[in-house]
Amino acid sequence: GINAEYGDECVFYLSTYTTPVRLLQFFIRHNAIDRAAKLALQHEYEVVNEGIIRPLIKTGRLSDLFDYINSNRAKIQVWERKLTDCCKLLSEVGDLTSVYSVQFFLREYLNAAKTAILMLRNELSVKEQLKYLDKAEDCFKSFLEKEGDEKIMPEINTRISHIHLQRQILEFLKSKQIKDNNNNIHIFSSKIDKTTVIMDLYKIDSMECLPIIRAVRDTFSLNYIETYQPLINTLLKAQPPGNMALWFPKLIKLLGEVPDTQTDELLLGVCNDLKGEQKSFERILAIMKDDRTKIKANINAGYLRNAYILAVNKKMREEIVLLEKECVKQGNTQVREFCKKYLQHNKPSS
């Protein structure tokens with residue numbers, strides 16, 4: 001507390017010769033929160049912020065002010081306005097922890113939840129990020145209980161589902177003994193490419209991350225190709241293409257995440273990366289389902305004779321027409337002659 005005689009002299013001097021901010025700081029420094037709070041009501045929020053809020057934040061005693069306000073409810077509306085304005089100043093200097101504390105005290109649960117999510121972008125440990133995820137979810141739920149607005153309920157429930165997904169990501173990082181989310185793997189910002197999040201997870205553990213990748217794809221309605229093609233490309237670049245034992249089992253695992261109707265398109269991309277690796281190429285071709293895709297893969301890889309044989313065996317005249325044009329582009333006169341003869345002897349029925 002403040003010594004009566006000494007304190008009165010200090011208060012007189014500070015009141016007469018300095019600024020209100022210096023007087024408020026004096027009261028806070030000497031734990032006279034009641035005198036500071038009463039004086040603060042006479043000044044604008046900028047003075048309150050510098051004289052009371054920031055000194056209390058610096059000493060970890062912001063809750064003292066909240067306790068005082070709760071015990072003196074008569075001026076609660078005045079304090080709400082001042083604290084709301086102080087939040088803007090705290091946001092400008094990036095003090096999100098204090099912004100969250102003030103918003104939560106004011107029961108601005110929606111804003112508090114958004115602030116807690118913004119905290120994930122700071123350099124927090126995985127453990128601390130999990131803590132703020134819990135705070136965000138609690139605030140969203142408190143907002144629903146407080147407001148009960150059915151119009152906004154779907155949006156809030158979507159945000160809560162995103163929190164659950166982010167928690168799954170953080171728990172995955174934690175299980176891998178990753179203490180700091182230095183790559184900032186999170187899914188909240190609309191500016192963040194979700195395929196980047198998927199790639200980061202895959203690089204950590206190509207097998208255990210698959211359920212999370214599936215959840216990210218489902219949550220943000222990503223198509224299978226944009227989800228898994230970059231992962232397959234990364235897989236092939238990381239291993240010698242000719243050594244299938246190193247990458248083929250992982251490829252099959254990825255394909256297990258994709259419907260049969262779309263695996264061929266992914267495998268076509270794989271074949272493009274296997275030019276010159278005949279054995280590996282043929283292995284991939286063998287698990288393709290659609291003959292047209294197989295022909296296209298052979299053409300792309302420069303195996304025009306193989307493409308011709310397959311098209312003839314399947315009596316696919318249209319594919320041979322396209323193959324002849326491709327032979328011209330690639331300068332393969334022999335296969336082109338094969339195509340011309342086939343087309344002459346197999347004219348389309350009128």
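**Exercise 1. The surroundings of helix 17**

Which residue takes a positive phi just after helix 17? Work from there to the start of the helix, and then to its buried residues and what covers them.

*Solution.* The structure is a predicted model, and the residue sought in it is glycine 302, which takes a positive phi of about 90° just after helix 17. At the start of the helix, a side-chain oxygen of aspartate 290 reaches to within 3.2 Å of the backbone nitrogen of arginine 292. Between these two places, helix 17 spans residues 291-301, and its buried residues are Thr293, Lys294, Ile295, Ala297, Asn298, Ile299 and Ala301. The cover over these buried residues includes helix 15 (260-272), helix 16 (278-286), helix 18 (304-313) and helix 19 (317-330).

**Exercise 2. Two salt bridges that involve loops**

Determine which parts of the chain are tied together by the salt bridges of glutamate 208 and glutamate 257, and classify the partners by accessibility.

*Solution.* Begin with glutamate 208, which forms a salt bridge with lysine 176, the closest N and O atoms being 3.0 Å apart. Because glutamate 208 lies in the loop between helix 11 (194-204) and helix 12 (210-219), and lysine 176 in the loop between helix 10 (153-175) and helix 11, the pair ties together parts that are 32 residues apart in sequence. With a relative accessible area of 48%, glutamate 208 is partly exposed, and lysine 176, at 25%, is partly exposed as well.

Turn next to glutamate 257, whose salt bridge with arginine 214 brings the closest N and O atoms to 2.7 Å apart. Glutamate 257 lies in the loop between helix 14 (244-255) and helix 15, and arginine 214 in helix 12, so this pair ties together parts that are 43 residues apart in sequence. Glutamate 257 has a relative accessible area of 16% and is therefore buried, the cut-off being under 20%, whereas arginine 214, at 35%, is partly exposed.

**Exercise 3. Nonpolar residues inside and at the surface**

Describe the nonpolar cores, and then locate a nonpolar patch at the surface.

*Solution.* The largest nonpolar core has 70 residues, and those with the most contacts inside it are Trp247, Leu251 and Ile284. Helix 9 (residues 126-147) supplies the largest share of this core, 9 residues. Apart from it lies another core, of 35 residues, among them Cys10, Ile53, Tyr68 and Phe105. At the surface, Phe12, Tyr13 and Tyr17 make a nonpolar patch of about 400 Å². Phenylalanine 12 belongs to helix 1 (residues 4-17), and because its relative accessibility is 54%, phenylalanine 12 counts as exposed.

How values were computed:
Residues are numbered from 1 along each chain as its sequence is written. This is a predicted model: local features need pLDDT of at least 70, side-chain atom pairs count only at pLDDT 80 or more; totals for chains, interfaces and linings use all residues. Side-chain values use heavy atoms; hydrogens and water are left out. Buried means under 20% relative accessible area, exposed over 50%, partly exposed in between (1.4 Å probe, protein chains only). Helices (H or I, at least four residues) and strands (E, at least two) are DSSP runs, numbered from the N terminus. Contact means heavy atoms within 4.5 Å. A polar contact is a pair of N or O atoms within 3.5 Å; within protein, one must be able to donate a hydrogen and the other to accept it, and residues adjacent in sequence count only if both atoms are side-chain atoms. Patches are made of residues with over 30% relative accessible area and no salt bridge: like charges are joined within 9 Å, nonpolar side chains (Val, Leu, Ile, Met, Phe, Trp, Tyr) within 5 Å. Accessible areas come from the Shrake-Rupley method with a 1.4 Å probe; for residues, only the protein chains shown count as cover. A salt bridge is a side-chain nitrogen of Lys or Arg within 4 Å of a carboxyl oxygen of Asp or Glu. A nonpolar core is a set of buried Ala, Val, Leu, Ile, Met, Phe, Trp, Tyr and Cys residues joined through side-chain atoms within 4.5 Å.
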